[in-house]
Amino acid sequence: MKSHSRSGEQRRDKLLSLLADGEFHSGSSLAKTLRVSRSAIWKLVGSLRELGIPIDSLPRSGYRMQRAVDLLDADFIHRSLREQHVPLQALDVLMTIPSTNQFLLDAPAPEPGEMRVCTCEIQSAGRGRRGRTWTAPFGSGVCLSLSWQFAEIPPEFSALGLVVGVEVSRALVGLGVPDLQLKWPNGLVWRHRKLGGILIEMRGEAGGPAKVIIGIGINVRMPATVRLELAKQNAVVLADLHEIAPVRVPRRNDLIVAVLKELAGALPIFALNGLSPFRDEW
C-alpha cells in the first residue's frame, strides 16, 4: 500500500512539474507523458486541487496552472550549496507539511558545524511569534527551516534572531531587492510592510549542546485573499517580492541558496563572538 501511495505521489509531482509553466496541456498529452489514462490524469489534477493548487481546465484546451511557478528543486539547491561549500548534512524538500520548524524539531540534531534543512511547497500550520500563524499557500513564498547545533548555548543567544535578520537581508540585497529594513525583534520589512519573519526555537540545557531551529518565511507572491486573511489575523500589511521587484523576481531556489550560504558563514562567527560583528549592520 505504501509503495502504491508513493507511486501516486510521484505521478502527482511529475504532473505538477509539467503544468508549472502556466501553459495549457491537453489531457491526452499529459497521459502519454506520464503513461497513464486520461481518467488518471483527471484524478491527479483533483489531488493537486485538494492541496489548494489552482488548476484551470477547458474543453479542447486541457489543463493549466493559473500562473507559472518556479518549483522548488532539491537537486539544484543541493548542487548549488555543495559548489559554495555550505556544510549541509541533510536536505528535505517536501510538497506539503504542517510546519518546517516542527519537522526539524522532531528530527535528530545535525553534526556540529553542519546544517539540516527543510523547505516545502505548502505549509499548512506554520508558526510565528506569540502563537500567531504563518500561512504559505502553494508557490507563494519561501518556507525554510534549518537545524544547527551549538556546542553550548551562546552567551548572547537572545540576539540570534537579529543576526539571522541581517544575513537574510544581505541575501535579499544580493539578489536585487532594495529598501529593506529589520524590525525588532524578527520582522523583515519593506516600506513599513511585512515581507518576512523569523522564528527561533531551541532545545538544550545549560552547559551542554544546544539544537537550534531557525525558521524563515519570505513572501514571494502572496494571493490577495491570503493577504487579507493574514492582515485580519496578525494586524499587519504584507509586501512580497513580486511587488518589490516585478521585473526580476528572485527565483525561490536562488533565494534559499543565498540565505543558507549567508547563515553558514554567520553561525560559527556568532557562536564565538555573539552579536558584536553584526551590530553595526543591524
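The radius of gyration here is taken over C-alpha atoms, and the globule rule is 2.2 Å times the number of residues to the power 0.38. The model is a predicted one, where local features need pLDDT of at least 70, side-chain atom pairs count only at pLDDT 80 or more, and totals for chains, interfaces and linings use all residues. Residues are numbered from 1 along each chain as its sequence is written, and side-chain values use heavy atoms, with hydrogens and water left out.

**Exercise 1. Work out whether the overall size of the chain agrees with a compact globule.**

Step 1: start with the rule, which for 282 residues gives a radius of gyration near 19 Å.
Step 2: set that beside the chain's own 20 Å, which agrees.
Step 3: for the outline, fit a box along the principal axes; the C-alpha atoms fill roughly 65 × 40 × 35 Å.
Step 4: check the cover. Buried (under 20% relative accessible area; exposed is over 50%, partly exposed in between, with a 1.4 Å probe and protein chains only) applies to 48% of the 282 residues.
Step 5: look at contacts (heavy atoms within 4.5 Å). Of those between residues at least 6 apart in sequence, 67% join residues at least 24 apart.

**Exercise 2. Find out how strand 6 is covered, and which strand it pairs with.**

Step 1: get the bookkeeping straight. Helices (H or I, at least four residues) and strands (E, at least two) are DSSP runs, numbered from the N terminus; the chain has 9 helices and 10 strands.
Step 2: go to residues 141-150, strand 6, where 10 of 10 residues are buried.
Step 3: split the strand by direction. Gly-141, Cys-143, Ser-145, Ser-147 and Gln-149 point one way, while Val-142, Leu-144, Leu-146, Trp-148 and Phe-150 point the other, and all are buried.
Step 4: find the partner. Two strands pair if DSSP finds at least two bridges between them; strand 6 and strand 10 (residues 210-219) are antiparallel, with 10 bridges.
Step 5: pick out one facing pair: Leu-146 sits opposite Ile-214 of strand 10.

**Exercise 3. Compare the settings of two glutamates, Glu-121 and Glu-229.**

Step 1: place them. Glu-121 belongs to strand 4 (residues 115-127), and Glu-229 to helix 7 (residues 224-234).
Step 2: read the accessibility. Glu-121 counts as buried because its relative accessibility is 7%; Glu-229, at 39%, counts as partly exposed.
Step 3: list who touches Glu-121, leaving out residues up to four places away in sequence. Its contacts include Leu-71, Met-95, Phe-138 and Arg-252.
Step 4: for Glu-229, take a distance instead. From C-alpha to C-alpha, Leu-195 is 15 Å away in space and 34 residues away in sequence.

**Exercise 4. Track down residues with a positive phi, and say where they sit.**

Step 1: try the hairpin of strand 1 and strand 2. With 3 residues between the strands, Arg-60 takes a positive phi near 65°.
Step 2: check the strands around Arg-60. Strand 1 (residues 55-58) and strand 2 (residues 62-65) run antiparallel, joined by 4 bridges, and Ser-57 has Tyr-63 as its bridge partner.
Step 3: move on to His-85, not a glycine, yet with a positive phi of about 60°. His-85 is in the loop between helix 4 (74-83) and strand 3 (88-97), and counts as exposed at 71% relative accessibility.
Step 4: finish with Arg-191, also not a glycine, with a positive phi of about 50°. Arg-191 lies in the loop between strand 8 (187-190) and strand 9 (193-204), and is exposed, with a relative accessible area of 52%.
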